[in-house]
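Trainee: Got a minute to go through this one with me? I'd like to know how the labels are earned.

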Amino acid sequence: MTQPLVAIEGLSAISTRDGGAPVLRDVSLTLEKGEVRGLVGESGAGKSTIAKALLGILPSTVKVTGGFIRFEGRDLLTMPRRELSDIMGRDITLIPQDPQTALNPARRIEAQLTDGLRLKLGMSKKDAHQRALQLLDEVQIRNPDRVLAAYPHELSGGMRQRILIASAFALNPKLVVADEPTTALDVTVQKEILRLIRRMQEAHGTAVIFVTHDLGVVAKICDRVTLLYAGKVIEHGATVDMLTAPRHVYTRALIAAGPRYDRPNAGLEPVPEAVFRQLRAEVGLAERGI
Amino acid sequence: MSDLLFEAKGVEVTYGMSKGMFGHGRPGVRVLHGVDLSIKRGETVGIVGESGSGKTTLGRALLKLVPVSGGTIRFDGQDITGLSPDAMRPLRRRMQMIFQDPMASLNPRHTIRQILTEPLFLHGLATDRRDAERQVRAILDRVSLAPVTLDRAPHELSGGQRQRVGIARAVLMKPDFVLADEIVSGLDVSTQAQVLNILKALSKEMGLSMAFISHDLSVIRAVCDRVTVMRFGEVVEEGPCETVFDAPQSPYTRLLLDAIPLPEIDDGWLTRPAPSLETAA
């Protein structure tokens with residue numbers, strides 16, 4: 001049996017700021033090479049925490065209390081700092097949520113896009129420039145010369161997100177962590193960006209962890225999906241199975257809660273209190289306050 | 001009495017315009033180019049569009065929260081286009097607003113009790129403390145919040161609870177009209193459904209008219225009777241929800257609808273070309 005690209009095993013973490021409240025509870029999941037895996041859940045589900053753990057950028061207020069994150073068999077959590085920084089930014093990269101703040105406003109796109117090429121791959125300035133032009137072409141930016149010379153504020157949100165995608169795939173990573181990459185975008189731009197991520201992922205054979213709260217986005221881009229609640233895995237499986245034959249009541253309730261423009265009389269069913277009670281019991285959470 | 005509560009015709013809004021001396025003012029940027037919008041009594045009209053479409057500006061123009069540079073706005077038969085802030089004041093109670101971020105619109109140093117009772121006194125809607133408390137408790141129950149909420153501060157509540165406080169505050173004024181601007185865009189779906197159901201039920205019960213601004217066509221369809229689709233400061237399509245959603249006439253509406261990812265498997269969706277914006281007709 002081939003080893004999975006990523007194997008998270010029994011990962012648990014607490015928030016030191018919140019009186020030691022658990023933020024991840026015994027999370028296990030595996031990611032195969034080249035697959036797109038959705039991490040979905042409502043706020044507080046822990047989906048972003050898992051993404052940050054994979055990138056080695058957990059905030060200092062989150063402490064891992066158990067478990068492993070094996071990347072090609074090596075545990076990222078105990079790996080020496082030096083080895084980790086070799087992997088991060090080269091084998092594992094990020095597409096961030098907010099294209100407005102992820103780019104340095106004081107540096108031209110060229111400088112930001114070629115950093116990795118020069119520092120991690122040791123490319124010359126000239127080669128890096130050529131590669132950057134190619135990358136922008138890959139993400140369908142029509143006038144790459146002008147864009148390379150531009151500052152972030154001169155570009156639209158959708159354009160900036162394309163650049164961040166180009167940058168994430170620049171070094172042919174094995175894993176791209178996309179943390180709500182379309183949440184801040186208009187719906188027509190979102191569709192272009194989803195299409196682009198899928199195309200780049202297929203062209204480069206890259207595995208993608210796709211963090212989102214939107215089951216619609218999951219349906220369109222993820223091969224498999226993991227649903228979380230309060231730091232615990234509630235259900236995982238192939239996207240088609242989870243959407244057409246959800247096993248957990250919470251999964252079913254979430255699908256029924258979302259309004260749909262094509263079905264005016266369906267959707268908008270609040271998740272019943274009984275479902276939350278069951279979830280809290282399963283997770284081991286105390287009853288909610290008011 | 002006309003059955004129209006709001007009637008806006010040819011509304012223009014220009015930001016950053018200055019008159020200047022000797023006619024050398026700055027022309028400014030026009031963000032609404034002659035928009036028409038009517039809202040009947042008891043009707044909820046959705047205003048949808050992407051960023052920069054002018055949907056928020058249109059909402060604010062209706063309430064005269066931004067200067068209107070052209071067109072007319074009538075409220076309950078009265079032309080309010082040129083009314084001064086003083087002249088607008090008696091109408092203010094009748095037009096309420098619920099904001100996108102309830103945390104930013106609720107005073108963080110006040111308890112929910114203060115936030116809800118003070119406007120009642122300000123508008124002379126409560127005779128004394130006991131009357132105010134009674135009204136506030138009744139509305140709290142309607143938005144499914146426990147009475148202990150009254151002693152809490154906004155930051156102690158969840159996003160959904162704060163948004164329900166926002167709704168309670170607006171409807172306590174017994175308004176004729178409520179402007180709701182992206183009020184569920186920061187909420188989780190499970191919370192969103194509850195907030196929207198409460199708002200729908202209350203508006204029906206009270207015969208409220210609403211302008212419901214959202215970027216989310218699915219949310220619009222769930223709560224609105226009619227919808228106005230905007231793009232670049234113009235209305236591209238308007239009509240009853242059934243018509244606009246089931247048989248959209250504008251290529252732009254079709255493009256918007258096509259771009260919504262529905263939670264069902266559709267393998268061709270990502271690669272299928274988007275509907276063209278070129279009008280065939």
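Trainee: What makes up the secondary structure of chain A?

Mentor: Chain A has 11 helices and 10 strands. Helices here are DSSP runs of H or I with at least four residues, strands are runs of E with at least two, and both are numbered from the N terminus. Mind that this is a predicted model, where local features need pLDDT of at least 70, side-chain atom pairs count only at pLDDT 80 or more, and totals for chains, interfaces and linings use all residues. Residues are numbered from 1 along each chain as its sequence is written, while chains are lettered from A and ligands numbered from 1 in the order in which they are written.

Trainee: How do you know that chain A agrees with a compact globule?

Mentor: The rule, over C-alpha atoms, is 2.2 Å times the number of residues to the power 0.38. For 290 residues that gives a radius of gyration near 19 Å, and chain A has 20 Å, so the two agree.

Trainee: What makes a residue count as buried, and what percentage of chain A does?

Mentor: It needs 20 or more other C-beta atoms, placed from the backbone, within 10 Å of its own. In chain A, 43% of the 290 residues count as buried.

Trainee: Why are strand 6 and strand 10 of chain A called edge strands?

Mentor: Strands pair if DSSP finds at least two bridges between them. The open sheet of 6 strands in chain A runs 6-7-8-3-9-10, with mixed pairing. Strand 6 (92–95) and strand 10 (232–238) each pair on one side only.

Trainee: How do you know that strand 3 and strand 8 of chain A pair?

Mentor: They share 5 bridges and run parallel, against a required minimum of two. In one of them, Gly38(A) has Phe210(A) as its partner.

Methods: A residue is buried if 20 or more other C-beta atoms lie within 10 Å of its own, exposed if 12 or fewer, and partly exposed in between; C-beta atoms are placed from the backbone.
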